[in-house]
Amino acid sequence: MLRRKRERDELLPGTLELLILKTLSQAPMHGYGIAQSIQQISDDILQVEEGSLYPALQRMQIKGWLRSEWGTTETNRSARFYKLTADGRKQLNAEVQKFDRITGAIWRVLENT
C-alpha cells in the first residue's frame, strides 16, 4: 500500500516571527528545537527551513526580541539557545493582535462571497 506524504503548506508572509515568538514563549530552545516544535504542533503541516529560521532568529536578536547563549542539547551537542526578552513578549502580543485583525478580515471576505 502506498502512503502519500502529508502535504506541507508554506508559511504566510510575516508569520515566521510570530511562530518563533510564540514557541519561545513556552521555554528557551535551540534553533532545531524551535523548528521541530512548530512542525510537531502543526501536525507536520508547517515546516520551517534552516535557511529561513536562522536569519529570522538573527534579525530578532538585533531587534532586541531575543537573546541567546550557548548550552548543551539533549543529545549532548553544543547549540545556541534562544530566549524571549521583555521586548520580545511585547512584540508577541503585538504580532498576535495583528494576525487576529488580518485573519478576521480574510474570514469576513470569505464568508461574504
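This is a short tour of the structure, stop by stop, with something to select at each one.

**Whole chain**

Keep in mind that you are looking at a predicted model. Colour by secondary structure to begin: the protein chain has 4 helices and 3 strands, and read along the sequence they follow the pattern α-β-α-α-β-β-α. Switch to colouring by accessibility and you'll find that 33% of the 113 residues count as buried. If you like contact maps, have one up alongside. Among contacts with a separation of 6 or more, 53% are between residues 24 or more positions apart.

**Helix H2**

Select residues 31–41, which make up helix H2. Which residues of H2 are buried? Show Gly31, Gly33, Ile34, Ala35, Ser37, Ile38 and Gln39, and you have them. Now bring up what they lean on: these buried residues pack against H1, strand E1 (29–30), H3 and strand E3 (78–84). Before leaving, step just past the end of H2 to Asp43, where the backbone takes a positive phi of about 55°.

**Where H2 meets H3**

Add helix H3, residues 50–62, and turn the view until both helices are clear. H2 and H3 pack at an angle of about 115°, and their axes are 10 Å apart. The crossing of H2 past H3 is right-handed. For the side chains, show Gly31, Tyr32, Ile34 and Ala35 on H2, together with Leu53, Tyr54 and Leu57 on H3, which they meet. Sorted by type, the residues of this contact come out as 6 nonpolar, 1 polar and no charged.

**Thr23**

Next, go to Thr23 in helix H1. Is Thr23 buried or exposed? It counts as buried, because its relative accessibility is 8% and the cut-off is under 20%. Zoom in on its side chain, which reaches the backbone oxygen of Leu19 at 2.7 Å. Now show the contacts of Thr23, skipping residues up to four places away in sequence: Met29, Ile34, Ser37 and Ile38. Ile34, Ser37 and Ile38 should still be familiar from the buried residues of H2.

**Met29**

Follow one of those contacts to Met29, which lies in strand E1. Met29 counts as buried too, at 17% relative accessibility. What does Met29 touch, leaving aside its neighbours within four places in sequence? Select Thr23, Leu24, Ile34, Ser37, Arg80, Phe81 and Tyr82. For a distance to try in the viewer, pick the C-alpha atoms of Met29 and Ser68: they are 9.3 Å apart in space, with their positions 39 residues apart in sequence.

**The salt bridge**

Finish with a charged pair. How many salt bridges does a search of the whole structure find? There is 1, and it joins Glu17 to Lys63, with the closest N and O atoms 3.5 Å apart. Glu17 is in helix H1 (residues 15–24), while Lys63 sits in the loop between H3 and strand E2 (66–72), so the pair ties together parts that are 46 residues apart in sequence. Side chains of opposite charge can pair when their charged atoms come close. Show the surface here and compare the two partners: Glu17 counts as buried at 15% relative accessibility, whereas Lys63 counts as partly exposed at 44%.

Key:
Residues are numbered from 1 along each chain as its sequence is written. This is a predicted model: local features need pLDDT of at least 70, side-chain atom pairs count only at pLDDT 80 or more; totals for chains, interfaces and linings use all residues. Side-chain values use heavy atoms; hydrogens and water are left out. A salt bridge is a side-chain nitrogen of Lys or Arg within 4 Å of a carboxyl oxygen of Asp or Glu. Helices (H or I, at least four residues) and strands (E, at least two) are DSSP runs, numbered from the N terminus. Buried means under 20% relative accessible area, exposed over 50%, partly exposed in between (1.4 Å probe, protein chains only). Contact means heavy atoms within 4.5 Å. A polar contact is a pair of N or O atoms within 3.5 Å; within protein, one must be able to donate a hydrogen and the other to accept it, and residues adjacent in sequence count only if both atoms are side-chain atoms. Axes are lines fitted to C-alpha atoms, for helices over the stretch in contact, and angles run from 0 to 180 degrees between N-to-C directions. A crossing is left-handed if the near helix is turned anticlockwise from the far one by less than a right angle, and right-handed if clockwise. Ala, Val, Leu, Ile, Met, Phe, Trp, Tyr, Cys and Pro count as nonpolar, Asp, Glu, Lys and Arg as charged, and the others, Gly among them, as polar.
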